[in-house]
Amino acid sequence: MRIAFIGLGNMGGGMAANLVKAGHQVRAFDLNEEALARARENGCDTAGSIAEAVTDAEAVVSMLPNGQIVLSAYTGEVFGAAPQGAILLDCSTIDVATAREVAEQAQHHGYEMVDAPVSGGIAAANGGTLTFMVGGSDSAFTRAEPILQAMGKAVIHAGAAGNGQAAKICNNMLLGISMLGTCEAFAMAQKLGLDPQTFYDISSVSSGQCWSMTSYCPIPGVGPLSPADNDYQGGFAAGLMLKDLRLAMEAAETADAPVPMGMRARALYEDFVGAGNGNTDFSGIIRTLK
Ligand code: NAD
């Protein structure tokens with residue numbers, strides 16, 4: 001299949017390479033020359049603009065920083081330049097309202113579109129093991145699924161347009177809250193004289209168990225290998241967690257959903273990132289509790 005790929009950053013670079021590995025012809029565009037050079041090394045053809053990349057494309061995949069950029073990329077360049085029959089897939093993490101607006105405009109221009117944000121970081125993007133949560137019609141999902149399968153290990157239909165983004169921010173709000181809870185519990189256990197490994201052995205098989213503890217433990221040397229074992233480098237940057245918590249709070253306000261824990265998590269990550277820790281893994285917030 002001829003696929004246009006827009007946004008070849010930390011995530012998009014590996015995703016585009018996996019589409020090539022799956023046998024697709026990928027024509028890629030990014031504003032950054034180095035990203036374009038890497039894409040060529042990975043077997044992509046490159047274009048000089050979004051409009052040029054999407055000409056003749058049967059599918060368009062985007063992985064961009066935020067909603068404003070996604071909106072202007074689609075309304076300014078993709079719509080009109082991409083052939084009418086092309087299926088459009090935006091994999092960026094953006095706000096629910098913009099995702100729904102872009103999907104509505106796509107429909108107005110005669111395109112089928114899905115929002116398909118991902119769970120999993122750079123390693124999963126490179127390894128083709130992302131989880132995609134997809135919003136869009138049944139027909140758009142059916143067309144998007146095999147393309148997403150080439151970049152991930154799970155592709156789940158979350159419902160109508162925007163529901164992929166809704167699933168993503170609800171999941172990441174829960175992750176932010178559960179990581180903070182896990183950090184608090186370990187920091188307090190230690191102050192009460194408990195050895196962290198002993199607390200892990202108990203809590204990981206008790207009712208406090210959660211993913212933040214048993215797959216991503218914030219204590220070095222405890223649980224499976226995690227960014228804590230690498231001085232909180234790599235993994236999921238605190239700045240990206242803050243981005244997702246802000247999107248979640250915006251959506252909560254629109255939906256009139258009470259999110260007292262989500263608000264607290266956003267405030268704590270705002271302080272952490274504001275203190276210069278935007279690139280630190282999000283589990284590094286435990287340092288502020290010690
Ligand atoms: P990134 O900043 O590394 O990459 C974004 C790329 O988009 C850059 O290469 C940039 O040059 C390019 N770009 C910006 N504007 C453009 C335009 N108008 N046209 C073409 N290219 C343009 O970001 P990333 O880490 O790859 O994240 C991409 C998306 O994935 C974000 O929405 C992010 O929230 C989401 N995400 C990231 C992670 C992660 O761990 N990094 C995990 C899950 C989801």
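This text walks through part of a strand arrangement and then the surroundings of a ligand. The model is predicted.

Start at strand 4, residues 59–62. Its side chains split into two sets. Ala59 and Val61 point one way. Val60 and Ser62 point the other way. Despite the opposite directions, all four of these residues are buried.

Now look at the neighbours of strand 4. One partner is strand 1, which covers residues 2–6. The two strands pair in the parallel sense, over four bridges. To find the register, locate isoleucine 3: this residue stands opposite alanine 59 of strand 4.

Another partner is strand 5, residues 87–90. Strands 4 and 5 also run parallel, and four bridges join them. Here valine 60 faces across to leucine 88, standing opposite that residue of strand 5. How does the chain get from strand 4 to strand 5? The path goes through helix 4, residues 67–81. The resulting β-α-β crossover is right-handed.

Turn next to the ligand. Around it are 23 residues. Those that come nearest are Asn10, Met11, Asp30, Leu64 and Lys243.

Backbone atoms supply several polar contacts. A polar backbone atom of asparagine 10 is 2.9 Å from an oxygen atom of the ligand. For leucine 64, a polar backbone atom is 2.8 Å from a ligand oxygen. Threonine 93 takes part as well, with a backbone N or O atom 3.0 Å from an oxygen atom of the ligand. How much of the ligand does the protein bury? Taken alone, the ligand exposes 840 Å², and the protein buries 83% of that area.

Terms used: Residues are numbered from 1 along each chain as its sequence is written. This is a predicted model: local features need pLDDT of at least 70, side-chain atom pairs count only at pLDDT 80 or more; totals for chains, interfaces and linings use all residues. Side-chain values use heavy atoms; hydrogens and water are left out. Buried means under 20% relative accessible area, exposed over 50%, partly exposed in between (1.4 Å probe, protein chains only). Two strands pair if DSSP finds at least two bridges between them. A crossover is right-handed if, with the strands pointing away from the viewer, the path from the first strand over the helix to the second runs clockwise. A residue is near a molecule or strand if one of its heavy atoms lies within 4 Å of it. A polar contact is a pair of N or O atoms within 3.5 Å; within protein, one must be able to donate a hydrogen and the other to accept it, and residues adjacent in sequence count only if both atoms are side-chain atoms. Accessible areas come from the Shrake-Rupley method with a 1.4 Å probe; for residues, only the protein chains shown count as cover.
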